[in-house]
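I opened my notebook to look up pockets, and then one residue that caught my eye. Come along and read over my shoulder.

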Amino acid sequence: MSQSLPDFDLIADALHARGADTEAAESHGLLCAMFCTVQGLDTDSWLAMVLNGPGRDALAPAPEPLLALFEETRRQFDSEQFDFHLLLPHDDAALAVRVEALGQWCQGFLTGLAAGGVQQPENLPGELPEIIQDMLEISRAEGYELEDDGEDEAAYAELVEYLRMGVLLFREEFRRQYAKAGEGSIH
């Protein structure tokens with residue numbers, strides 16, 4: 001049974017209601033990287049990074065949409081069906097808004113890699129260092145002159161698919177490393 005991630009706007013509203021400094025796409029990128037690098041990741045670890053900055057109420061219950069995002073993302077990561085998706089604005093949002101969110105998603109993923117103990121990404125195997133470099137470039141995406149035309153839409157769709165497949169490569173590589181090493185974070 002294929003499910004989907006909670007609604008982007010619902011996640012954004014839940015984060016805003018809790019006063020989080022993290023945007024919806026960024027919080028999901030962070031979560032995805034942590035699922036790749038931290039075995040046995042629990043909601044509290046992720047939510048602590050997303051919600052509990054200075055002055056935040058750490059004892060307040062986590063908003064249900066964030067818990068649903070965590071669980072659905074975990075299900076997608078555990079699935080062998082490659083049904084993983086990035087949490088991004090709806091296709092009817094302006095292309096510039098979606099590109100900015102894609103950059104935020106990449107920033108979150110890069111932050112999550114660091115939080116998961118990846119200290120020397122250039123030493124990762126295979127294509128992973130190149131994917132990290134590409135994410136760094138995408139994370140800087142802002143202020144581009146974009147048209148909501150077919151060409152820019154196609155380029156955006158290709159970037160999203162590239163990142164989706166890149167995250168699946170991260171997932172598989174870290175699974176292999178965990179199997180070799182036993183358990184713990186990969187550094």
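Entry 1, the largest pocket. I looked up its volume in this predicted model and found about 320 Å³. I then asked which residues sit closest to its centre: of the 16 that line this pocket, they are Leu86, Leu87, Leu88, Pro89 and Asp91. Next I checked which helix gives the most to the lining, and I noted α7, residues 150-181, with 5 residues. Sorting the lining of the largest pocket by type, I wrote down 10 nonpolar, 2 polar and 4 charged residues.

Entry 2, the second largest pocket. For this one I noted a volume of about 230 Å³. Its lining, I found, includes Phe35, Cys36, Arg74, Phe77, Arg171 and Tyr178. I also looked up which elements give two or more residues to this lining, and they are α2, α4 (64-78) and α7. By type, the lining of the second largest pocket splits into 6 nonpolar, 2 polar and 4 charged residues.

Entry 3, threonine 22. Where does threonine 22 lie? I found it in the loop between α1 (8-17) and α2 (24-37). Is threonine 22 buried or exposed? I read a relative accessibility of 14% for threonine 22, so I put it down as buried, the cut-off being under 20%. Leaving aside residues up to four places away in sequence, I listed the contacts of threonine 22 as Leu15, Ser27, Met49 and Val50.

Methods: Residues numbered from 1 in each chain as written. Predicted model: local features only at pLDDT ≥ 70, side-chain atom pairs only at ≥ 80, totals over all residues. Heavy atoms only, no water. Helix = DSSP H or I, 4+ residues; strand = E, 2+ residues; numbered from the N terminus. Buried < 20%, exposed > 50% of the residue type's maximum accessible area, 1.4 Å probe, protein only. Contact = heavy atoms within 4.5 Å. 1 Å grid on protein atoms, 1.4 Å probe; cavity = no way out; pocket = protein on both sides within 12 Å on 5 of 7 lines; lining within 4 Å. Points joined across faces, edges and corners; volume = space filled by probe spheres on them. Nonpolar A, V, L, I, M, F, W, Y, C, P; charged D, E, K, R; others polar.
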